[in-house]
Each structure stands twice: as structure tokens, then as C-alpha cells.
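Colleague: I'm new to this one. Could you show me how to read it?

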2 protein chains.
Amino acid sequence: MKNDSTDRIAADLRTWIASAPPGAQLPSNRSLMAKYGASPVTVQKAVRSLAASGLVDSRPGAGTFVRTVRTSRPVDYGWQTAALGTLSSRFTSLSATQRTAAPDAIGLHSGYPAPELLPERLVRAALVRASRTSTALTRSPAAGLPELQGWFANELADATPAGVTPPTARDVTVLSGSQSGLSSIFRAVIGPGQPLLVESPTYWGAILAAAQAGVQLVPIPAGPKGPDPVDLARAFDQTGARAFYAQPTYANPTGTQWPVERALAVLATVRRHGAFLIEDDWAHDLAIDTEPHPVAAHDEDGHVLYLRSLTKSVSPALRIAAVIARGPVRDRILADRAAESMYVSGLLQAAALDVVTQPGWRTHLRGFRRQLRARRDLLTNALREHVPDAHIERPPLGGLHLWARLPDGTDVEQLARNCETRGVIIAPGNEWFPAEPSGPYIRLNYSGPDPDRFNEAARIIGETLKENH
Amino acid sequence: MKNDSTDRIAADLRTWIASAPPGAQLPSNRSLMAKYGASPVTVQKAVRSLAASGLVDSRPGAGTFVRTVRTSRPVDYGWQTAALGTLSSRFTSLSATQRTAAPDAIGLHSGYPAPELLPERLVRAALVRASRTSTALTRSPAAGLPELQGWFANELADATPAGVTPPTARDVTVLSGSQSGLSSIFRAVIGPGQPLLVESPTYWGAILAAAQAGVQLVPIPAGPKGPDPVDLARAFDQTGARAFYAQPTYANPTGTQWPVERALAVLATVRRHGAFLIEDDWAHDLAIDTEPHPVAAHDEDGHVLYLRSLTKSVSPALRIAAVIARGPVRDRILADRAAESMYVSGLLQAAALDVVTQPGWRTHLRGFRRQLRARRDLLTNALREHVPDAHIERPPLGGLHLWARLPDGTDVEQLARNCETRGVIIAPGNEWFPAEPSGPYIRLNYSGPDPDRFNEAARIIGETLKENH
């Protein structure tokens, strides 16, 4: 299966080309060979395939360049200014985590694990099998394939203590990624102009979805053991909010996990206020030092809207998640999903279900955990050595990222730009704050490519930080 | 490849089970054998697989029943009533077109072609190939895979007359189905409370997406040759609307295509009002009597937002569409898509691109056209014979549906319910009207399963119509 290095190089380059300016020069064949450990023939084949599809021009002796698009004449779109009006949201550009890094850069900014950490064999085999079933040619029901609904319900039911009514397949709505679930919940359950309590810092994608839905965020400090129930109760009382969004398990960006007693106290506070807890269990499969304990497993009466994603652990191309919601709120969410996109590809659902029900899945998760631990420790040590001024308050218990505080006064946006010119892409922490950042933070992904370059990356960050100061 | 009839039967039954009440009885093995032309062994295997996954219980001698879910105790979700407040949208249930028909019913309600009309071999082979590439394990750029962007841009550029600046790959945003594009355009370009002109009748999915976005619809009569530019200009003037949504090519539900001179007149009207034409080219591959002529090909300066979908012609499981938009409006749409769902599965994009670039694709489209023509004529003739009171004003030039007017005073909702009890599922026309229906219409899909049962279906509709009157 692994004779696709030409494909992989070509795909990486195409992704880079997508955001490169016309005329930009590609890395030399020599540097591509070094980067991918590939032969000259492999690299040449990859570059030729790009030329064949019209993406690049190779000029012998000079190099390979992103093709300049021919337009007949420039067009003035000024009239659109009046039709569109002013912007209502501060989000007009992509997040730093979505940047496509140059092929020879060290990318520590992304929110995804490198492909070599994913269950490649299981994913490819599942896709081949799914492509032979009827799911390849038919529409899926709006709420998802019943078997996959059942799998999500069973997983949570297995964590549900005796005496608590477990969820059923009907409570599950399958999503194409949890971002869609956040968008639907914020639109259909909270609504424009309404308040929503969130941890601070918290996942930038949730902040983005809230801005899109016009929801007013109310930050709650994300303490070392999760939010303080007293803070939470006060915010519910003061704002009249009817929901709290949080990542109780390996929060992005901090890697914190709420202890069980804290989780129960938060749930009791939410319940007392007749509110919802939107539990974003994004890192359920990304445990390192502990086990995940969904708060939703303790939910008696539909107070938790539980989001569970497979995107980061199965494959970013499978893009399958689910929301488990009980009571009328489930119908609200499902109606919004149906209006937004009708249904989720049944083929992707069948493939995802295939992966997570293979015996190899458990084995994969064990190996994934070992790899995440080794990489987390490697990057932590590299930072300690080369960036002594970076402070990691608590090592993350799971997830994909280190969350490091830099000395007060550091301009993290400037630092990120300067690091990028030296070939290291980092994510400035400001995006994770719903309001002003509480300090200068950066987020570093230890599950990306090139762990053998973590030392080099840390050295460059350390040197750049010194120059900036 | 075609030894999957067990899979198909099981999949159909699962889809049905998803919306069946617990305890409902499955059709007998004998009727499943007749319906699918399958052997007893095949049917038994399908039913056993459902029992194995816990969906049904087989009781020897009695039959097979949808499994009753065990709950520990009933839960009262009444508290959610206060948290959720009242509903803001009239859309709380699924469209009639999304209904899952019982396995032995004749379904004429859906908006999709039957799997046997799809390029099955191309789709399955493309999925297998895509599953071996890096797209199976990586994230796609937010705007889509560059090659697929290029394909969409090229298709429209090929239809663009000399002298008009053609679109480029950068103008293309790939979508997971055109419904997502409608939602994003209505949210990001129109906005809540703002007016949007639409043809009447028009696609129910657009009406639904507009309701979800809080957009105010302003109906324009969809004349026999498309909307009258005078009506359109008046509505622009009176409402201050900045956009007009339409399906100029084989409109859903009427099957009308705007003649080229009408298309140019509408575009000129839109341009004069500094507005956008949202051109939903849903049926580009569903031509029967004519060729598609996208209005967007005549767009000089970013007035047309062009939606092109592959869902109906490649596969409902591939779920790939694109919006081509030029100027700053493209950035608005892309930012909304990124906030809503980050990106579209690159694997589905790669597979869709593979299908439409195979030599077999053109052959498939020619065969598809022949089949659509034969089925359209078959159902039209069956209606003429058995439902003489149904009036089809103009035979559709393309698309998947007949749009038939019934005698004044017919209660089409009641008719649909009565037909369903006799095993024929039809779509009452009311869903296609943005305001009150202009008459009692029904929509019938001639591309669904079982053309050999069209006569039987028409007979039942005719008899039921007589009883209702």
C-alpha cells in the first residue's frame, strides 16, 4: 500500500500551491528529496504531475514556478461593495491553525495529527470496503446511518453508570465534523444576540462558530481543574444564559481534564440553572496520561449536548462526528442540520464505522497514545532546553498541543511572523481567547510531522523570542 | 461488483427502520424476494444481518419486528421547553421528498435518481483509487482541492463566449452539496431580515435554507420561459432586494429552461439593480431535450453566484458541489463555509474529480439522458392514461420530475396521505411555493426505482384522486 510517495509529495505541493502567489518558486528537487527521503525519480514524477495539470511551469535551469493565471482583462468588482454592505463579523481570514505551511517548513501550528499517526491501513481498507456497498450510491438518512448512530450511543452508554438512563441510537445525529455541530447548536439552541458561557481560553473554532451565529460569548476562567462552579453559577445568574460550552476532557488549548467531582459539580450547576452543557469531547481518542470520562455519562435528563468527533483519530478525510442530545433539543438540532446540508455522506459514515469496529482499532489507539506521549515529552524537553522563558503550567494529560506562556509583553503575533520567515510555523495564542488574551501564549502541536526537527524548531523559537525582546 | 444484493436489501431496510416505530413489522421475506428479485437465501442473509446488529427481533412463526428499545425509565424533558423558547421557523419536520419509503412502496417523491441510473462502476473504482491516495488521510484546503477547483472553473470557462473574462480556479469554493452553498450565500450575502427574490414555484431546499437564515422571500412568477424581466425589475425596485435566486436550467419542480435571450435579459436586469443572480445549476447533467446554458457564462463582472452540483449525477454519497463567485463576495462565502464546517473531505473531492475526468463519464451522461427521456415519457403516458385530470403544462426539458396540476379544490396533502396507505409515495406540491400555492400540484420523480411499476402507481393515484373528490 505504501508506494504512494509520489502522490504524497504531489498532494503536499498542491496544497501549498493553493495558497501561494502566482510565480512563487517551488522548493528545489534536492530539498524535496531531503524532506521526504525520496529518490530523484519520485520527486521528478511528482513535479511533472503538477505541470501536467497546469499548476506549475518548469523552466529548465531556473526552477519550477506556480503558474501565472491568464485573465483576459482586469475586472472591477466595486459594485459589490454596495450590495454586500459592511462586515458583521471580525472573522474574515482563516485561523492561523488552518495555514498551509511551505513544504520545507516545520509546522507546529495545525490542529491535526500527522498522517503517519493515523490508522492508515484500517482507513484505506475501510474505504475500499465501503466503496463496494450500497452506501456508495445512496442517500443517507438525515440523522445518519442507524448502525453508526448505534455505535455512538453504545460508546456513551458503556460509560453510563447504573441507574442513569443511557442514550439510544435515536438520540444521535451524525455530523460531517464537529464544527457543523457547534454551528447548528449555536444557531438552533442559543440564537443570535443570546449569551453563551464559555471557558477562557477555549477552542478557536467554537469562538468562530459563535461569531458566525451572532451569539454573545461570556468568558469563564478555565482553572487548573476546570471552571469554578461558583464562577459559573454567578455568570448564569448575571447573564440569564441557557448554555455553557466546554471541553472537559483534554481541553484545547490547555490539555486540562476536569476531575470527576468537578465535572459533577459543573453538571449540577448547569442543571440548577435549567441550562445545557455543550460538552465538546473532541479528544476522546487522544488520551495520554488518564482515561476520558464524558460528563454526558452522568446526565439524567437531557442537560448535556455531547459532541464526539472521529476526525482527529480516524482521519481528517473521514470527517465524521456526532451530537448526542435527548429531548426536544435533538429535534431542533436535527432540523438545523437538515436545512444546512440535508445529510452526511453515507460512504464516509460506513467507512468510519468500519474502522472503529475493527479489532485493529484498539491496537491502533494504544500505539497512538504511546506516540503522543513520546512526542509530547520530546517537544516539552526541547522547549525547556531552547526556550527557557516559555512556561508550561501543566503538561497536557491528552490532546495534541502544548500551551506555553511567554514573558509578559511578548508580541506573539510578531513572534509567529518572525518564526515563519525562519521556517517554523507556530500558532499565536490570541485566537483561543473569547475576549482579550489573559497573557502572551503560543500553542504548539506535537503530533504534526517531523518530530526529529522539534529541537531545531525549539532552537529557532528561542532565538526569535530573544531577538523580539 | 454486483454481488451485493444482500447489502442493498439490508441497507434499504435499515433506512426504513431508522424512521419506523419500535415494534413495527418488516415486510415478509416473500414480499422482499418479489420486490428485489432475490433468492430466499439472499433475503434471509439480509434480515439476519439486521438481527445481528440489534435492529430487529425475528420471532419464528410471527415475523420480524423493529426492536423495542430498552430504557431504564421514562425521562421528562419538560425543562427544555423554557430553555429552548418558541420556534422561529415553520420548518420543524423533514420535507416530503426526504421521506423514507417502506421497502415495498413505489416511491415517486424523492429528489434523487435510483442507484441503477448512476455511474456505479466509475464511482466505485474512483473511490477505491482515492482511498489509496494521500487525500484519504489529510485535510483539504478550505476552498477545496486545487485540481477540482480547476475542473469546475474550466467547465464554466468552456461555456464562456469570447470577450467575456472566464472564471479561474481561485473563484471556486468546493462544497459538500449545494444545500450548504445556499445556506452560506443566504447567511453571508443576504442576511437575516433582508429580502431575496425567488421564482415561484421554486426548489423547497432553497425555501428551507432561506427560512433557516431568516431571509424574507419575495416570489416572482416562474413563467413558461422563466421570470418576466419586467416583474423582476419591479420587485427589485419595490423591495430594495440585492439578489434573485433561480434555477434557469431545468427548474425544480417545473423542468423549465430559460431561452438564451431571456437569460440575458434577466442578467441585464440584475446588473442594472446592482444585484446578484444566485444561479442554482442543479440539473446541469440532467439534460433531456436541450443542452444546458449557464447564465454565469455571460457574467462580466461578478453578478452571478453560480452553484453547480455533482450529487445527482455522480452519486448522492459523493456529495460534491461548488460555488463560483468572483470579487469580494467570494471571500464572504468562503469565510462562512470555513466557520460552518472548516473544509470538505478531500477523499470525496478526489473521487468526484476522478469520475468526471474518466472517458466513461461522457458515455455515462449519454446513457443517463436516454434513460431519463424513456422514464419521463413512460410516466407521462401512464399519467395520461390513468390520471386524465392531471395536467402537465409543459413536459420537462430536463431534470428528474413531472409537475402536474390537479383539479381545483384537490387537497394534495390528503391525496398524498391516501396514496401512501395504498403504497405510492408522491410529493404534494405545496412545499415548492414560497407563499400560498398557486394551485393544487404534485411532483413525481420519474428517475426513482421501479419504472415497470409506473402504470400501477398512476392507476393508484388516479383511483385515489377520484375517491378524494
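Modeller: Sure, let's go through the interface and then one residue. This is a predicted model, where local features need pLDDT of at least 70, side-chain atom pairs count only at pLDDT 80 or more, and totals for chains, interfaces and linings use all residues. Residues are numbered from 1 along each chain as its sequence is written, chains are lettered from A and ligands numbered from 1 in the order in which they are written, and side-chain values use heavy atoms, leaving out hydrogens and water.

Colleague: What area do chain B and chain A bury between them?

Modeller: Interface size is often given as the accessible area lost when the parts come together. Here, using a 1.4 Å probe and summing over both parts, chain B and chain A bury about 8,300 Å², with 59% of it on carbon and sulfur atoms. Trp79(B), Leu137(B) and Met342(B) supply 9% of the area chain B buries against chain A, more than any other three residues.

Colleague: How many salt bridges cross the interface of chain B and chain A?

Modeller: A salt bridge puts a side-chain nitrogen of Lys or Arg within 4 Å of a carboxyl oxygen of Asp or Glu. The rule finds six across this interface. Glu147(A) pairs with Arg14(B) in a salt bridge, their closest N and O atoms being 2.4 Å apart.

Colleague: Is Gln349(B) buried or exposed?

Modeller: Buried means under 20% relative accessible area, exposed over 50%, and partly exposed in between, with a 1.4 Å probe and protein chains only. Gln349(B) counts as buried because its relative accessible area is 0%.

Key:
Buried area is the accessible area (1.4 Å probe) that two parts lose on being put together, summed over both.
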